[in-house]
Amino acid sequence: METNKQSGVKTLIKFSDLNQIQNKNIKGFVDVYKKYLGVDTLKSWDSTTENGKERMRILKEAFWVAIVTAHETVIVKNKKGESFTGNKNSEILVDGDFARKHGNLTKKVDQHPMKFSQLKRATQNYIKSGDTPINSGEISSRDNSFQSLMKKSAIAIDSAKQDIVLGKNNPNDLNSVKSVFIKAQQYIEEHKRVA
């Protein structure tokens, strides 16, 4: 549901009808899905908390992938009728042509198992390609794996601080954090030098 700010008129946006995707569409789908799940009022899902921000990021990434899979035959089934494979069903079976064209894979197979991060990258490539029915100029459709990794590191460091107080931390944790800190400083210095 999209509301026009000037007129107040609400328009129903169908997931399968989108071809020009904007961040507001993704945010709307995620908000509706949170209500459907019944988690929209829970503090742990609030975007003001670190966990809430991480959960929202995961849902948004899932919806970017889902929009492509609603338009194209991306996820396929094996002879047993299953779409998941790998250790603990950690991989999704993807159409071989889609995997080769947008996932930069070279194997000539009908189905290719992909982890979610690979499928996400392939759907981002699909959206960016310009010769597909779905496109977007939004930043969220681009690969942001570096930013995600940095956020995960910050969350891990933050939660590990509590282990220090409780005396549960690993002695090598400090060395790991120092290593990340040194690399972060080097990154900032390089960024300043180039910018």
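A nonpolar core is a set of buried Ala, Val, Leu, Ile, Met, Phe, Trp, Tyr and Cys residues joined through side-chain atoms within 4.5 Å, where buried means under 20% relative accessible area, exposed over 50% and partly exposed in between (1.4 Å probe, protein chains only). The model shown here is predicted, so local features need pLDDT of at least 70 and side-chain atom pairs count only at pLDDT 80 or more, while totals for chains, interfaces and linings use all residues. Residues are numbered from 1 along each chain as its sequence is written, and side-chain values use heavy atoms, with hydrogens and water left out.

**View 1. The largest nonpolar core holds 24 residues.** The members with the most contacts inside this core are Ile21, Ile26, Val94, Phe98, Leu119 and Ile127. At least two core residues come from each of H1, H2, strand E4 (91–95), H3 and H4; helices (H or I, at least four residues) and strands (E, at least two) are DSSP runs, numbered from the N terminus. H2 gives the largest share of the core, 7 residues.

**View 2. Ile26 and its contacts.** Which residues touch Ile26 once its neighbours within four places in sequence are left aside? They are Ile21, Lys60, Phe63, Trp64 and Ile67, where contact means heavy atoms within 4.5 Å. Ile26 and Ile21 are also among the core residues with the most contacts inside the core.

**View 3. Aromatic pairs, beginning with Tyr33 and Phe63.** Rings of Phe, Tyr and Trp (its six-membered ring) pair if their centres lie within 6.5 Å; planes under 30 degrees apart count as stacked, over 60 as edge-to-face and the rest as tilted. By this rule there are 4 aromatic pairs. In one of them, Tyr33 and Phe63 sit edge-to-face, at 5.8 Å centre to centre and with 70° between the planes. This pair links distant parts of the chain, with Tyr33 in helix H1 (residues 23–37) and Phe63 in helix H2 (residues 50–71), 30 residues apart. Tyr33 is partly exposed because its relative accessible area is 33%, whereas Phe63 counts as buried because its relative accessibility is 13%. If you widen the view a little, ring pairs link Phe29, Tyr33, Tyr36 and Phe63 into a cluster.

**View 4. The ring pair of Phe98 and Tyr126.** The ring centres of Phe98 and Tyr126 are 5.8 Å apart and the planes are at 40°, so this pair is tilted. Distant parts of the chain are linked here too: Phe98 is in helix H3 (residues 96–102) and Tyr126 in helix H4 (residues 116–128), 28 residues apart. Buried or exposed, how do Phe98 and Tyr126 count? Both Phe98 and Tyr126 are buried.

**View 5. Asn89 and Asn104, two residues with positive phi.** Asn89 is not a glycine, yet it has a positive phi of about 55°. Its place is the loop between strand E3 (84–85) and E4, and Asn89 counts as partly exposed because its relative accessibility is 49%. For Asn104, also a residue other than glycine, phi is positive and near 55°. Asn104 lies in the loop between H3 and strand E5 (111–114), and it is exposed because its relative accessible area is 61%.

**View 6. Gln20 and Ala62, with one C-alpha distance for each.** Gln20 is found in the loop between strand E2 (10–11) and H1, and it counts as partly exposed because its relative accessibility is 40%. Between the C-alpha atoms of Gln20 and Phe181, 161 residues apart along the chain, the separation is 40 Å. Ala62 belongs to helix H2 and is partly exposed because its relative accessible area is 31%. From Ala62 to Glu82, C-alpha to C-alpha, the distance is 20 Å in space, with their positions 20 residues apart in sequence.

**Setting for all the views: the chain as a whole.** Its secondary structure comes to 6 helices and 5 strands, following the pattern β-β-α-α-β-β-α-β-α-α-α along the sequence. The C-alpha atoms fill a box of roughly 50 × 50 × 40 Å, taken along the principal axes. Of the 195 residues in the chain, 24% are buried. Among contacts between residues at least 6 apart in sequence, 46% join residues at least 24 apart.
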